[in-house]
Structures are given as structure tokens and as C-alpha cells.
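Please read the following explanation with the sequence and the model side by side, and take each step slowly. The text begins with the overall order of the chain and then turns to single elements and residues.

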Amino acid sequence: MIQKIKKSNNEIHTHQIINDLQEDWKLSYVVFRTPGLPYPEQTIKLIFSGRDGNTLKWLPNALSYCRIVLSLSLLFVERTEAGFLLLYVACGLTDWADGFLARKLNCATALGARLDSIADIVFSFVVLYLIFSQEWLNQNASLVVFILLIIGIRVLNMMITVLKFRQWNVIHTIGNKMTGIALFLFLPIQFIFNPVPPFTVIILLVLALGSSLEETCILLFSATYDVNRKSILHRI
């Protein structure tokens, strides 16, 4: 896209080719001539804006990047401290906010969906690591095997997605979303009640296994990829 800037006493006329990255944002160059200074010393102002000039269209993706950083930060904070809970809640808020703002600002894109999926994967693996590192879990071998089975299916799903569809996403099915909510609530419940009630573990494992197998079926029997497919019952 060519951005034309009119020439005046304080402006110069130039052409700038702007690449629209996955229809996500464009980089508009507005060049202002500083009075009394030659061309090389002119001030250049860079403005990130969307197609309609909304300067906040970069925000949803920025929140996804923040969620990745916040998720990794959980590994370096004692989970008995209030700071851990604050970081954890911040991860959840950014997960909700990026999708909400993408819809509100009308800037939902393939890049945004991919970043959201990557952030979800990072957060999920961090939470799983924090759960696995607990002594009560290591004492229950059958539970560990069940969790490893679910992780194996998730890894298989990712491999199918990459090899078959050339995508790096997790399908946003209702089952996956419910699993994400249950996984998100697990550590706060443990933080509050300690030890965690057994029924919460059962609910989480059933949801995780069911949603993982559902995604496997969708990937195997679908000819095209739809990251927003709600369930196996919904046709593309």
C-alpha cells in the first residue's frame, strides 16, 4: 500500500510501501520537516494504525505476547506468594481481553488467532509443569500416566495440524475452551483450599481427554482447517 504525504512548508512529498501483515496492522509513515533543518535531520513519526485509522488495533496481539511473558514468569515465583496469584490472574485477564478487543475493534486476523493459540499452549504447559512438580501427584502413578496420555494426544494433534494443514493453532472448540477454563481454575482452587478437592482433578481430566480426542477426530476427518470450529458436530 502506498502512503502519500502532501508536501508543504513543514512536510515533504514521499511514497512509502506498506506491507499489511496478515491484514493485522499497517505501518503509516508521517514525515514532518523540522523547521531550519535539512532533509536528513527531519523528524520521522511512526504511527501504527489499522485500515480505518484505529491506532489500537495492535493491542490484542500485544496482549497475547504479554500472556506468553506472564506465563513464563510464573515459573520463577513461589506459588505460595500473593504475587503468583496476581500474575496468574493477569494471564487470565489478557486471555479474555485479547479476544474481546479483537472483536470489538474488528481486527480479528489469522495472525491474532495463531498468537492466541501459541499463548494458550505456553500457558497450558506452564500450568501442567506446576501441577506435575507437586509431591501429591508424583505419588499417584496412575494419575501421572493418564495426564501423560492427554499430553501425548495434544502433541499428536499439533503434529497433524502442522503436517496436514500447515497451521500452528489449536482449534477453538467448546471442549477446548471448557478445558482451558478448568485448567485455569485448578491452581487458584488449590491455592485457596490446599489440598485440591479430588472432584476437581476428575473434572479436569475428563474434559481434557474428551476435548483432545474430539480435536483429533476433527483434524483427521476434515478436508480444510477452521480454527473457530465449535465442535465435531459443526460442519465447516
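Read from the N terminus on, the elements of the protein chain follow the order β-β-β-β-α-α-α-α-α-α-α, which amounts to four strands and seven helices. The model is a predicted one, and what is said here should be read with that in mind. The protein chain has 236 residues, of which 39% count as buried. Among the contacts in the protein chain with a separation of 6 or more, 61% are accounted for by residues 24 or more positions apart.

A good place to begin is helix H2, which covers residues 82-104 and so has a length of 23 residues by the way helices are defined here. From its first C-alpha to its last, H2 reaches 32 Å, and this is close to the 33 Å expected at 1.5 Å a residue. Which residues of H2 are buried? They are Phe84, Tyr88, Cys91, Thr94, Ala97, Asp98, Leu101 and Ala102. A general point helps in reading such a list: an α-helix has 3.6 residues a turn, so residues three or four places apart point the same way. What covers the buried residues of H2 includes helix H1 (59-73), helix H3 (110-132) and helix H6 (174-193).

Just after H2 comes Asn106, with a positive phi of about 55°, in a residue other than glycine. Asn106 has its place in the loop between H2 and H3, and its relative accessible area of 65% makes it exposed, because exposed means over 50%. A second residue can be described in similar terms: Arg166, which lies in the loop between H5 and H6, has a positive phi of about 55° although it is not a glycine. At 66% relative accessibility, Arg166 counts as exposed.

Helix H2 also takes part in the second largest pocket, where about 210 Å³ of space lies. The lining of this pocket is made up of Arg79, Thr80, Phe84, Leu85, Tyr88, Gln134, Leu187, Pro188, Gln190, Phe191 and Asn194. Two of the names in this lining, Phe84 and Tyr88, also appear among the buried residues of H2. Which helices each supply at least two residues of the lining? H2 and H6 do so, and the largest share, four residues, comes from H6. Sorted by class, the lining of the second largest pocket has six nonpolar, four polar and one charged residues.

Helix H6 offers further residues to look at, and Thr179 is one of those placed in it. Is Thr179 buried or exposed? With a relative accessible area of 9%, Thr179 is buried, because buried means under 20%. Leaving out residues up to four places away in sequence, Thr179 touches Arg154, Leu204, Leu207, Ala208 and Ser211. Thr179 and Leu204 are 25 residues apart along the chain, while their C-alpha atoms are separated by 6.7 Å. Ile174 is also found in helix H6, but with a relative accessible area of 45% it is partly exposed. Between Ile174 and Asn228 there are 9.5 Å in space, C-alpha to C-alpha, although the two are 54 residues apart in sequence.

The last step concerns helix H5, which spans residues 141-165 and holds Asn157, and helix H7, which spans residues 198-221 and holds Thr216. Asn157 counts as buried at 2% relative accessibility, and Thr216 counts as buried at 11%. What does Asn157 touch, if residues up to four places away in sequence are not counted? Its contacts are Ser212, Glu215, Thr216 and Leu219, and the side chain of Asn157 reaches the backbone oxygen of Ser212 at 3.1 Å. Seen from the other side, and leaving aside its neighbours within four places in sequence, Thr216 is in contact with Ile153 and Asn157. Thr216 and Met158, for their part, are 58 residues apart in sequence, with 9.3 Å between them in space, C-alpha to C-alpha.

Definitions and conventions
Residues are numbered from 1 along each chain as its sequence is written. This is a predicted model: local features need pLDDT of at least 70, side-chain atom pairs count only at pLDDT 80 or more; totals for chains, interfaces and linings use all residues. Side-chain values use heavy atoms; hydrogens and water are left out. Buried means under 20% relative accessible area, exposed over 50%, partly exposed in between (1.4 Å probe, protein chains only). A polar contact is a pair of N or O atoms within 3.5 Å; within protein, one must be able to donate a hydrogen and the other to accept it, and residues adjacent in sequence count only if both atoms are side-chain atoms. Contact means heavy atoms within 4.5 Å. The expected span of a helix is 1.5 Å times one less than its number of residues. On a 1 Å grid over the protein atoms alone, a cavity is a set of points where a 1.4 Å probe fits but cannot get out, and a pocket is an open set with protein on both sides within 12 Å along at least five of seven lines; lining residues have an atom within 4 Å of a point. Grid points are joined across faces, edges and corners, and a volume is the space filled by probe spheres set on the points. Ala, Val, Leu, Ile, Met, Phe, Trp, Tyr, Cys and Pro count as nonpolar, Asp, Glu, Lys and Arg as charged, and the others, Gly among them, as polar.
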